Amino acid sequence: MKLVFAGTPEVAVPALDALIASGRHEVAAVVTRPDAPAGRGRRLVASPVAERAEEAGIEVLKPAKPRDEAFQARLREIAPDCCPVVAYGALLPKSALEIPAHGWVNLHFSLLPAWRGAAPVQHAIMAGDEITGASTFLIEEGLDSGPVYGTVTEEIRSTDTSGDLLTRLAFAGSGLLAATMDGIEDGALTAVPQPADGVSLAPKITVEDAHIDWSAPALRVDRVVRGCTPAPGAWTVFRGERLKLIQATPVPDRTDLAPGEIAAGKKTLHVGTGSYAVELLWVQAQGKKPMAAADWARGVRIASGERLGA
């Protein structure tokens, strides 16, 4: 089939690579978000998908909005059979959805209908799910509600951050998306409507969602830290300034600390929660680089009874 791939961040690149490497389909163009400011100089930078497409000599389309008439006119000229999508980052209007003969097929990083929305991996970790996966589905106007072509499953490990899990799903899902394109071309795949039961939503994680509540159980604190790493980053407050929490682990045998209470050892930093303690392993103070939590604690000289939190 002739394909137009839509995607923007690094997590979408493995799927683009898989489609290019398949040799079976022609990736005629790529649709991605416009260049965005990045770095200290706020210089405009192309998306990872745009950079990969340019390396491969593929035409890159960067509409400000997918409803732009010039973009849709170019898409009609290309006349794709199907438009595979991975984390494109913009809503597709009906007028665009109707252009390819086989529609737009999205690779979504959950087992639909669970975790529909922008942050399925983060929500799966924060909810304590043990299994997640990826799904390919036909995009319709509803939020991730279209019929499903196929799925792959992935275990959520006890130490997984959202970054770890998303990386694994990006590679597992790339094979699923390529296989879905093959099945559509062969006529061997039929999209199956999602069940009405089991729907859960995964809206974008806000900075406030990443604010640690030390009165919550240790498992909840651990899940929020892992689910919000690398972005937007779990955080708390110490002496009136934000402290980013990069890595933590539960310490079930320590129950003597009040919620937020800090106990600094020579090589450890424990904090009380609503159940048992957690050990902070890596933190980042405001305006500083990430560092081992025990080293940070020695530098700030934790006083007896000091706490993290508001």
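The exercises below deal with salt bridges and the main pocket of a predicted model.

Residues are numbered from 1 along each chain as its sequence is written, and side-chain values use heavy atoms, with hydrogens and water left out. In this predicted model, local features need pLDDT of at least 70 and side-chain atom pairs count only at pLDDT 80 or more, while totals for chains, interfaces and linings use all residues.

**Exercise 1.** Find which helices the salt bridge between R52 and D17 links.

Solution. Step 1: a salt bridge is a side-chain nitrogen of Lys or Arg within 4 Å of a carboxyl oxygen of Asp or Glu. The search of the whole structure gives 14 of them.
Step 2: R52 and D17 form one, with an N to O distance of 2.5 Å. R52 belongs to helix α2 (residues 48-55) and D17 to helix α1 (residues 13-22), 35 residues apart. Helices are DSSP runs of H or I with at least four residues, strands are runs of E with at least two, and both are numbered from the N terminus.
Step 3: R52 has a relative accessible area of 23% and D17 one of 28%. Buried means under 20%, exposed over 50%, and partly exposed in between (1.4 Å probe, protein chains only), so R52 is partly exposed, and D17 is partly exposed.

**Exercise 2.** Decide whether R239 and E306 are buried or partly exposed.

Solution. Step 1: the side chains of R239 and E306 meet in a salt bridge at 2.8 Å, N to O. R239 sits in the loop between β10 (234-238) and β11 (241-251), and E306 in the segment after α8 (293-300), 67 residues apart.
Step 2: the relative accessibility of R239 is 48%, so R239 is partly exposed. E306 has 18%, so E306 is buried.

**Exercise 3.** Describe the lining of the largest pocket by class.

Solution. Step 1: on a 1 Å grid over the protein atoms alone, a pocket is an open set of points where a 1.4 Å probe fits, with protein on both sides within 12 Å along at least five of seven lines; lining residues have an atom within 4 Å of a point.
Step 2: 41 residues line the largest pocket, and A87, Y88, G89, G117 and A118 lie nearest its centre. Elements that each supply at least two lining residues include β6 (83-86) and α5 (120-126).
Step 3: the lining has 26 nonpolar, eight polar and seven charged residues. Ala, Val, Leu, Ile, Met, Phe, Trp, Tyr, Cys and Pro count as nonpolar, Asp, Glu, Lys and Arg as charged, and the others, Gly among them, as polar.
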